[in-house]
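Me: Please take a close look at one part of this structure, and describe what surrounds it as far as that helps. Plain prose is fine.

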Amino acid sequence: MAVNEIINWGKSHKRKLFQIDGLGAVMSAVLLGIVLVNLESIFGIPKSALYILAALPCIFAIYDIYCYYRIEQNLELYLKAIAVANLLYCILSIGLAIYHRVSITILGWAYIIAEVIIICVLSYLELSVAIDR
């Protein structure tokens with residue numbers, strides 16, 4: 001599927017983007033707040049950083065659920081907001097990884113980088129739909 005086809009799909013399924021974003025947020029929260037915390041020695045990311053990174057997706061998931069079920073108009077504005085929040089979360093993730101670079105293992109870096117790439121792709125889609133390119 002070409003990028004333009006995905007963007008066109010998103011334009012006709014704006015509400016579904018909140019559902020996708022929310023499911024991703026829940027998955028991030030579980031992975032960071034439960035799985036990686038219990039595997040701190042393998043990933044090298046300190047628990048304090050993991051709990052910070054896990055808390056934000058919980059908030060994002062609540063926002064996404066609210067938007068999916070309650071918002072009827074101006075979905076573009078709400079998509080822009082979650083896209084920007086996601087991008088700020090990526091900056092925080094990279095910043096915390098750099099701050100804890102001495103302890104983070106290759107697997108920890110792989111997780112952070114993979115999550116950032118996925119979130120950036122989703123944010124690009126959300127912004128493309130919201131801005132109506």
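Reply: In this predicted model, helix H6 covers residues 106-131, which is 26 residues. From its first C-alpha to its last, H6 reaches 37 Å, close to the 38 Å expected at 1.5 Å a residue. Aspartate 132 comes just after H6 and takes a positive phi of about 60 degrees.

H6 also takes part in the largest nonpolar core, which has 33 residues. The members that touch the most other members are Leu32, Leu36, Ile45 and Ile112. At least two residues of this core come from each of H2 (14-38), H4, H5 and H6. The most are given by H5, which supplies 8 residues.

Leucine 36 gives a view of the contacts around one of those core residues. With neighbours within four places in sequence left aside, leucine 36 is in contact with Leu31, Phe43, Ile45, Leu50 and Tyr111. One of these partners, leucine 31, is in helix H2. Leucine 31 has a relative accessible area of 28%, so this residue is partly exposed. Not counting residues up to four places away in sequence, leucine 31 touches Leu36 and Tyr111. Valine 3 is 28 residues from leucine 31 in sequence, and their C-alpha atoms are 28 Å apart in space.

The part to look at most closely is H4. H4 has 24 residues, which should span 34 Å at 1.5 Å a residue, and its end C-alpha atoms are indeed 34 Å apart. The buried residues in H4 are Ala49, Leu50, Leu53, Ala54, Pro57, Phe60, Ala61, Asp64 and Cys67. Several of these positions are three or four places apart in number, as with Ala49 and Leu53, or Asp64 and Cys67. An α-helix has 3.6 residues a turn, so residues three or four places apart point the same way. The cover over the buried residues of H4 includes H2, H5 and H6.

Next comes the packing of H4 on H5. Their axes are 11 Å apart and make an angle of about 175 degrees. That angle makes H4 roughly antiparallel to H5, because over 145 degrees counts as such. On the H4 side, the contact is made by Ala49, Ile52, Leu53, Leu56, Pro57, Phe60, Tyr63, Asp64 and Cys67. On the H5 side, Tyr78, Ala81, Ile82, Ala85, Asn86, Tyr89, Leu92, Ser93 and Leu96 take part. By class, this contact of H4 with H5 holds 15 nonpolar, 2 polar and 1 charged residues.

Two residues in H4 can be followed one by one. Leucine 56 is in helix H4 and is partly exposed, with a relative accessible area of 26%. Not counting residues up to four places away in sequence, leucine 56 touches Tyr89 and Leu92, and both of these belong to the H5 side of the contact. Lysine 80 is 24 residues from leucine 56 along the chain, and their C-alpha atoms are separated by 17 Å. Alanine 55, found in helix H4 as well, is partly exposed at a relative accessible area of 39%. The C-alpha atoms of alanine 55 and serine 93 are 12 Å apart, with their places 38 residues apart in sequence.

The loops beside these helices also deserve a look. Asparagine 74 sits in the loop between helix H4 (47-70) and helix H5 (75-99). Its phi is near 55 degrees, a positive value in a residue other than glycine. Asparagine 74 counts as exposed because its relative accessibility is 52%, and the cut-off is over 50%. In the loop between H5 and H6 lies histidine 100. Histidine 100 has a relative accessible area of 18%, so it is buried. Neighbours within four places in sequence aside, histidine 100 is in contact with Pro46 and Ala49. Ala49 is itself one of the buried residues in H4 and takes part in the contact with H5.

For contrast, take the pair H1 and H2. The axes of helix H1 (residues 3-12) and H2 come within 5 Å and cross at roughly 105 degrees, so the two helices are roughly perpendicular to each other. H1 makes this contact through Trp9, Gly10, Lys11 and Ser12, and H2 through Lys14, Lys16, Leu17 and Ile20. These residues divide into 3 nonpolar, 2 polar and 3 charged.

Terms used
Residues are numbered from 1 along each chain as its sequence is written. This is a predicted model: local features need pLDDT of at least 70, side-chain atom pairs count only at pLDDT 80 or more; totals for chains, interfaces and linings use all residues. Side-chain values use heavy atoms; hydrogens and water are left out. The expected span of a helix is 1.5 Å times one less than its number of residues. Buried means under 20% relative accessible area, exposed over 50%, partly exposed in between (1.4 Å probe, protein chains only). A nonpolar core is a set of buried Ala, Val, Leu, Ile, Met, Phe, Trp, Tyr and Cys residues joined through side-chain atoms within 4.5 Å. Contact means heavy atoms within 4.5 Å. Axes are lines fitted to C-alpha atoms, for helices over the stretch in contact, and angles run from 0 to 180 degrees between N-to-C directions. Angles under 35 degrees count as roughly parallel, over 145 as roughly antiparallel, 65 to 115 as roughly perpendicular and the rest as oblique. Ala, Val, Leu, Ile, Met, Phe, Trp, Tyr, Cys and Pro count as nonpolar, Asp, Glu, Lys and Arg as charged, and the others, Gly among them, as polar.
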